[in-house]
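Biologist: Could you walk me through how to read a model like this one, feature by feature? I would like the general idea and then the case in hand.

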Amino acid sequence: MGRLFVTKRFDMPIYFLLQNLRVVHGDASQWEILQAALVAFAKVPPQDREAALAQVRLSPSEQPSTYEIAK
């Protein structure tokens, strides 16, 4: 079984995206995925970053008490 993704404060779509990225990238750790995402986000043009942040800020929160673990 792969390592658990322990950060539970993400909206459900983000949680599943991170889980799938972990599986696709050989069970990379949650911190490796988050660090890579931050580096990639920093390289995106400012207007694209603002558009992405605006979209996330409008997303409804769907935080359940339990999460499925991608296999």
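**Reading the model together**

Modeller: Gladly! Let us start with one residue: glutamine 30 lies in helix 2. Keep in mind that this is a predicted model.

Biologist: Is glutamine 30 buried or exposed?

Modeller: The cut-off for buried is under 20% relative accessible area. Glutamine 30 has 9% relative accessibility, so this residue counts as buried. You can also look across from it: glutamine 30 and glutamine 19 are 11 residues apart in sequence, and their C-alpha atoms are 8.5 Å apart in space.

Biologist: Let me step back to the whole chain. How many helices and strands does it have?

Modeller: There are three helices and zero strands in the protein chain. Read from the N terminus, the order of elements is α-α-α. Of its 71 residues, 18% count as buried. The accessible surface comes to about 5,500 Å², and carbon and sulfur atoms hold 62% of that.

Biologist: And which share of the contacts joins residues 24 or more positions apart?

Modeller: Taking contacts with a separation of 6 or more, residues 24 or more positions apart account for 62%.

Biologist: Now a charged side chain. Where is arginine 22, and is it buried or exposed?

Modeller: Arginine 22 sits in helix 1. Its relative accessible area is 3%, which means that it is buried. Follow the side chain outward and you will find that it reaches the backbone oxygen of alanine 28 at 3.0 Å.

Biologist: What about the loop between helix 1 and helix 2?

Modeller: Aspartate 27 is in that loop. Check its backbone: phi is near 60 degrees, a positive value in a residue other than glycine. Because its relative accessibility is 24%, aspartate 27 counts as partly exposed.

Biologist: How do I find empty space?

Modeller: Rolling a probe the size of a water molecule over the atoms shows where space is left empty. Here, the largest pocket holds about 550 Å³ of space. It is lined by 15 residues, and the closest to its centre are Phe10, Ile14, Leu34, Ala37 and Val56. Helix 1 (12-24), helix 2 (30-43) and helix 3 (46-58) are the elements that each give two or more residues to this lining.

Biologist: Which helix gives the most to the lining?

Modeller: Helix 2 does, with six residues.

Biologist: And how many nonpolar, polar and charged residues are in that lining?

Modeller: The lining of the largest pocket has 14 nonpolar residues, no polar ones and one charged residue. Try picking out the residues closest to the pocket centre, including Phe10 and Val56, in the structure above.

Terms used:
Residues are numbered from 1 along each chain as its sequence is written. This is a predicted model: local features need pLDDT of at least 70, side-chain atom pairs count only at pLDDT 80 or more; totals for chains, interfaces and linings use all residues. Side-chain values use heavy atoms; hydrogens and water are left out. On a 1 Å grid over the protein atoms alone, a cavity is a set of points where a 1.4 Å probe fits but cannot get out, and a pocket is an open set with protein on both sides within 12 Å along at least five of seven lines; lining residues have an atom within 4 Å of a point. Grid points are joined across faces, edges and corners, and a volume is the space filled by probe spheres set on the points. Helices (H or I, at least four residues) and strands (E, at least two) are DSSP runs, numbered from the N terminus. Ala, Val, Leu, Ile, Met, Phe, Trp, Tyr, Cys and Pro count as nonpolar, Asp, Glu, Lys and Arg as charged, and the others, Gly among them, as polar. Buried means under 20% relative accessible area, exposed over 50%, partly exposed in between (1.4 Å probe, protein chains only). Contact means heavy atoms within 4.5 Å. Accessible areas come from the Shrake-Rupley method with a 1.4 Å probe; for residues, only the protein chains shown count as cover. A polar contact is a pair of N or O atoms within 3.5 Å; within protein, one must be able to donate a hydrogen and the other to accept it, and residues adjacent in sequence count only if both atoms are side-chain atoms.
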